[in-house]
There are 2 protein chains.
Amino acid sequence: MSFELPLIYPITDSNISGLTHAEQTARLINGGAEVVQIREKNLGAGEFCEAATAALVVAREHGVPLIINDRVDITLLVGADGVHLGQDDLPPDAARRLLGPFAVIGYSTHNLEQAVAAAAMPINYLAIGPIFPTGTKANPDPVVGLEGLRAVRRALPQIPLVAIGGITSKNVRSVIQAGADSVAVISALLREPDRIDESMREFKRL
Amino acid sequence: MSFELPLIYPITDSNISGLTHAEQTARLINGGAEVVQIREKNLGAGEFCEAATAALVVAREHGVPLIINDRVDITLLVGADGVHLGQDDLPPDAARRLLGPFAVIGYSTHNLEQAVAAAAMPINYLAIGPIFPTGTKANPDPVVGLEGLRAVRRALPQIPLVAIGGITSKNVRSVIQAGADSVAVISALLREPDRIDESMREFKRL
């Protein structure tokens, strides 16, 4: 289970970018992404599986790990590097049973209680958020804030911690200073699809 | 791949019955069901997985096969007997790869063209519908009708064929006569939750 979280953790969103997951993956990697998560809430599983396969081809060409949001079966089928699970998805221990000891399993939490519970689960990293208000999710959980992030970091000094939700080039430094090992970024990278790679480079310079 | 389709193929729906999948499974089996498919479109995968586990305990107690709608990963995790896939779900060959040669795989089709294509896939049975108008699905496909069912039967004389959509005690005989090996029933069995077992018995007597 040795998965090194990069500082910037980009996640695809075809609603925001208007691009395929493979194309978003290519642009993000061109901008220096060291991991990509693909997330798809509109397509059926069949189409998502095809999209994941195409994205994985791109990721493999560049040796970049690819994480699939939600679907453990698609992760297995395409042979992706891991899965990112939400509170309503299959639980991490179930995913671990299916994916084996070497898959990367990430898990979203939305408050200190969930984060502490998650730390005992067979996961490689824990996500916490939304740190700031976000427009990416239809029914977002209450904002955790930097203070909430600090509290999670204090309670769980060891666990690899990804902060997510409303993170931009303006606030990313404060999020890292509050204890995140990594920041997940969606809108701020994808909103201008023609310069995804440049946006990715800018984030890496911050 | 020797799965014998029973004449009546009940499918659970907690929206209609107001009951858990385990409770619906118990009542259907008490009424003589020889297979049960559990279908869940509202719960997250984690809760569906728990519901499937509970339903499988009931099914195993009675030696009745349990089929999971849509989620191949949940089918694998709980060790159910098979999965039923729709046109938007993972394709049957992907499910077969994950579930192995002995799992039951069913596949929904909605017209002759889809049915003929499906017949070449690694499935155990093919579902065709909606035969009649139905209220169970949010955006139902165009009605296939008995004539459409007959056309599928003529084109595919060998494949185990499940008719679905709007089937009631009043029209079930005509559906079998049109060539179905089995009829999937939801609303007509579940609408009166207090007499699911009796309704199941009535269907079996038809």
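In which hand does H2(B) pass H3(B)? The crossing is right-handed. Keep in mind that this is a predicted model.

**The helix pair in chain B**

Helix H2 of chain B covers residues 21-30 and helix H3 of chain B covers residues 45-61. Their axes come within 8 Å and cross at roughly 20°. Angles under 35 degrees count as roughly parallel, and H2(B) and H3(B) are therefore roughly parallel to each other. Here is who sits on each side of the contact:

| Helix | Residues in the contact |
|---|---|
| H2(B) | His21(B), Ala22(B), Thr25(B), Ala26(B), Ile29(B) |
| H3(B) | Ala51(B), Ala54(B), Ala55(B), Val58(B), Ala59(B) |

Sorted by character, the residues where H2(B) meets H3(B) come out as 8 nonpolar, 2 polar and no charged.

**How the chains relate**

To lay chain B on chain A, turn it by 180° with a shift of 0.0 Å along the axis; the RMSD is then 0.0 Å. That is the relation of a two-fold axis. Asp73(B) is the residue of chain B that comes closest to the rotation axis, with its C-alpha at 2.4 Å. As for the interface, 100% of the interface residues of chain B are interface residues in chain A too, so the copies meet through the same surface.

**Aromatic pairs**

Over all chains, the structure holds 2 aromatic pairs. One of them joins Tyr9(A) and Tyr125(A) edge-to-face, with 5.6 Å centre to centre and 70° between the planes. This pair links distant parts of the chain: Tyr9(A) belongs to strand S1 of chain A (residues 8-10) and Tyr125(A) to strand S6 of chain A (residues 125-128), 116 residues apart.

Technical notes. Residues numbered from 1 in each chain as written. Chains lettered and ligands numbered in written order. Predicted model: local features only at pLDDT ≥ 70, side-chain atom pairs only at ≥ 80, totals over all residues. Heavy atoms only, no water. Axes fitted to C-alpha atoms, helices over the stretch in contact; angles between N-to-C directions. Helix = DSSP H or I, 4+ residues; strand = E, 2+ residues; numbered from the N terminus. Parallel < 35°, antiparallel > 145°, perpendicular 65-115°, else oblique. Left-handed = near helix turned anticlockwise from the far one by under 90°. Contact = heavy atoms within 4.5 Å. Nonpolar A, V, L, I, M, F, W, Y, C, P; charged D, E, K, R; others polar. Least-squares fit on C-alpha atoms with pLDDT ≥ 70 in both. Phe/Tyr/Trp six-rings, centres within 6.5 Å; stacked < 30°, edge-to-face > 60°.
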